[in-house]
Amino acid sequence: MTREQIAETADFIARYLSYMLGAGVHTSRVVRNSKRLGNALGVDVAIHTSQKTAMLTVSDKDSNVLNTRVVDIPSFPISFEWNADLSALSWAAHDRKMTLEEVRREFDTLVSKPGMNPVFVLFMVSLANASFCRLFGGDIWAMLVTFTATMIGFFTRQHLTKKKVNHYIVFIVSAFVASICASTSLSLGIPTAEIALATSVLYLVPGVPLINGLIDITDGHIQTGISRIVNAFMLIVCIAIGLSITLILVKNSLL
Amino acid sequence: MKEIFWNTIASYNAATWPWQLAFIAAAAVLTLLLWFRPRRWVRIAAKLYMVIISLWIAFVYYLKFASAREHSEVLAIFWCMMALAWIYDLVTNFSSFSRSGKASYWGLIVLVLPLAYPFISISRGFVFPGITMPVLPSAVALYMLGMLMTFNEKINFFAYIFILHWSIIAISKITLFDIPEDILLAVSSIPAMVIFFTRSLKSMSGKFKPSDKTVTVLISAVAVLLAGSLLAG
C-alpha cells in the first residue's frame, strides 16, 4: 500500500468515525466498527476519542507506514438510522471485500439520505409526551393539554435550534414554554393537572447521552463516558431551571 | 367556581364595554384594510393590534377582573406569551399577512364568528352584562385564528400553536363553566391545524422523509383523534 493510499484510507476512516460519534453512537461501537472497516481495507486502526475530537492512527500491516488524523466531532442530530446503516457498512466492507472507493461511495449515499420531516417529528414527539402523561395517570384533559404544550415547547426548540441559539438556552426556554403552557390546566381545576405539568418537559430528557455515557463507562471508555454524562446532566439542570421558573411563577408551594 | 366565572365576565363587560366596542371597530377596520389595501403599515398595525389585545386580555381581563379565579395569573402569563409571539413576528417579519388560496375564504367565516358570541349567550337566556362578548379570551383567539386563516401566505406558527392550545383549554370550559360558545374555537382550530401544517409541508418540497402524503395522513389522524378526544371528554 502506498503512502497516498494509506493517507486516503485514514481520511475516510476519520470521517466515518466522526460521523458515527456525531450521530450519537456509543464509543465502543464506533471503535469496533472503525477497526473492522480498517481491517477490511487492509490497515490497522488505533483510536482515541474525547467529547469534541477524535484521534486515529492508521498503519499499514506490511510496510509499517503510519498516518495520524485528529478530527473534530460534528454535532449531528441523534440518528439511529446512521448508527445501523454505518455499522452495516463496516460489515459489508468486511464480508464483501469492498474497495475504498466502493465503501466511500456507499458511505456518501447513506449519509446523504433525507432527514426526518420536522413536522412529522413535532407531531410524533407531542403524541409521545401525551402518552407519557397517560402512563403517569393523566386523564384525557391532561393528555390534550400535554399534547399542545409539548407542541409549543418542541416548536420553540426547533425554531431556536435553527437560529443556532446556544443549546443550553434552548433547553431552558423550551422547558419553560412547555411547562407554562401545561400549567394553564391548573386553572381548569382538573384533578391531574400536575401530571400534565410534570410530563410536559419529558421530551427534553437527554436519554441517548445518558445511556451512551453509561455504556461507555462500563466498556472502559471512562473519560468519554463521564463527559457524556456531564453533558446530559447539564441539560437536565437546564430543564430543571425552565421548569422551576414556571413553578415559581405559578405554583410556589411545589418548589 | 362556575358562579365566580360568570360573575367575572359580567363585571368585565359592565366596566369595559366601550373599550370592547373600540377593539371590535379597530379589528374591523384593520381586517378590511388588509383585505382591500394590504400595505406594509397596515400589516404592522395588524400585528401591533394583536400584541395590544393579547396584553389587554392578560392584564385587564385576567389580572384585574378575573383575579378572583384560581390561577388567573397563569392565564395572564399565557396571554403575555401570546403577545410575545406577535412581538417576535413584528420584529422578525415572520408572517406576511397576505392572502393565499381557498383557506382565505374559510378564514372570512372564522373572522365573523366572534361576533356570534353575544347572540349565542342571549339565545341561551342570558342578559347583558352576563353574556360572552367578542373581546373575551376565546373570542379573541378565534379572531386571531380567522386572521391567520384569511391572510395565510406565511403564518405565525407560534401564535397558531398557542391558539390551538387555548382551544383545548376553552373546550374543557364548555362543561366545566357551561360556556358552549367556545365550541366555535375548537371547531375552527382543528381543521386549521390540517390546513396550516399541510401547507408548510408543501413549502419543504420533499426534502425530508417520510413522504408528504404520510405526514398529511398523520396530521389528519391527529386532528380526528383530537376531535374524538374532545367529544369523549
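**Entry 1, cis prolines of chain B.** I began with Pro210(B), which lies in the loop between helix H8 (183-204) and helix H9 (212-232) of chain B. The model is a predicted one, and in it the peptide bond from Lys209(B) to Pro210(B) is cis, with omega near -5 degrees. I then looked up Pro129(B), which sits in the loop between helix H5 (116-123) and helix H6 (137-150) of chain B, and there the bond that leads from Phe128(B) into Pro129(B) is also cis, with omega near 10 degrees. I noted both since most peptide bonds are trans.

**Entry 2, from Lys209(B) to chain A.** Staying with Lys209(B), I found that this residue forms a salt bridge with Glu81(A), where the closest N and O atoms are 2.5 Å apart. The rule finds one salt bridge across the interface of chain A and chain B, and it finds seven residue pairs in polar contact there, both residues of each pair being at pLDDT 80 or more. Helices H5 (118-135), H6 (140-162), H7 (167-182) and H10 (222-250) of chain A each supply at least two residues of the side that touches chain B, and H6(A) gives the most, with twelve residues. I recorded the make-up of this side of chain A as 27 nonpolar, ten polar and three charged residues.

**Entry 3, extent of the chain interface.** Which counts describe the contact of the two chains? I read off 40 residues of chain A in contact with 43 residues of chain B. Chain A and chain B bury about 3700 Å² between them, and 81% of that area is on carbon and sulfur atoms. On the side of chain A, Phe123(A), Trp141(A) and Leu188(A) supply 18% of the area buried against chain B, more than any other three residues.

**Entry 4, the two domains of chain A.** Chain A is divided into domain 1 (3-111) and domain 2 (118-254), and I noted that 13 residues from domain 1 and twelve residues from domain 2 take part in the contact between them. The C-alpha centres of these domains lie 34 Å apart. Together the two domains bury about 950 Å², 51% of it on carbon and sulfur atoms, and in domain 1 the residues that lose the most area to domain 2 are His26(A), Thr27(A) and Gln51(A), together 48% of what that side buries. Across this domain interface the rule finds zero salt bridges, while the count of residue pairs in polar contact, both at pLDDT 80 or more, is five. Helix H2 (27-40) and strand S1 (43-49) of chain A are the elements that give two or more residues to the side of domain 1 that touches domain 2, with the largest share, three residues, coming from H2(A). That side divides into five nonpolar, eight polar and no charged residues.

**Entry 5, positive phi in chain A.** Asn64(A), in the loop between strand S2 (53-60) and strand S3 (66-72) of chain A, has a positive phi of about 60 degrees although it is not a glycine. Lys164(A), in the loop between H6 and H7 of chain A, has a positive phi near 60 degrees. Are these residues buried or exposed? Asn64(A) is exposed, because its relative accessible area is 63%, and Lys164(A) counts as exposed at 74%.

**Entry 6, a serine in chain B.** Last, I looked up Ser54(B), which is found in helix H2 (residues 40-65) of chain B and counts as buried because its relative accessibility is 0%. Leaving aside neighbours within four places in sequence, Ser54(B) is in contact with Trp79(B), Met82(B), Ala83(B), Trp86(B) and Met144(B).

Definitions and conventions
Residues are numbered from 1 along each chain as its sequence is written. Chains are lettered from A and ligands numbered from 1 in the order in which they are written. This is a predicted model: local features need pLDDT of at least 70, side-chain atom pairs count only at pLDDT 80 or more; totals for chains, interfaces and linings use all residues. Side-chain values use heavy atoms; hydrogens and water are left out. Domain bounds come from an automatic or database domain assignment. Contact means heavy atoms within 4.5 Å. Buried area is the accessible area (1.4 Å probe) that two parts lose on being put together, summed over both. A salt bridge is a side-chain nitrogen of Lys or Arg within 4 Å of a carboxyl oxygen of Asp or Glu. A polar contact is a pair of N or O atoms within 3.5 Å; within protein, one must be able to donate a hydrogen and the other to accept it, and residues adjacent in sequence count only if both atoms are side-chain atoms. Helices (H or I, at least four residues) and strands (E, at least two) are DSSP runs, numbered from the N terminus. Ala, Val, Leu, Ile, Met, Phe, Trp, Tyr, Cys and Pro count as nonpolar, Asp, Glu, Lys and Arg as charged, and the others, Gly among them, as polar. Buried means under 20% relative accessible area, exposed over 50%, partly exposed in between (1.4 Å probe, protein chains only).
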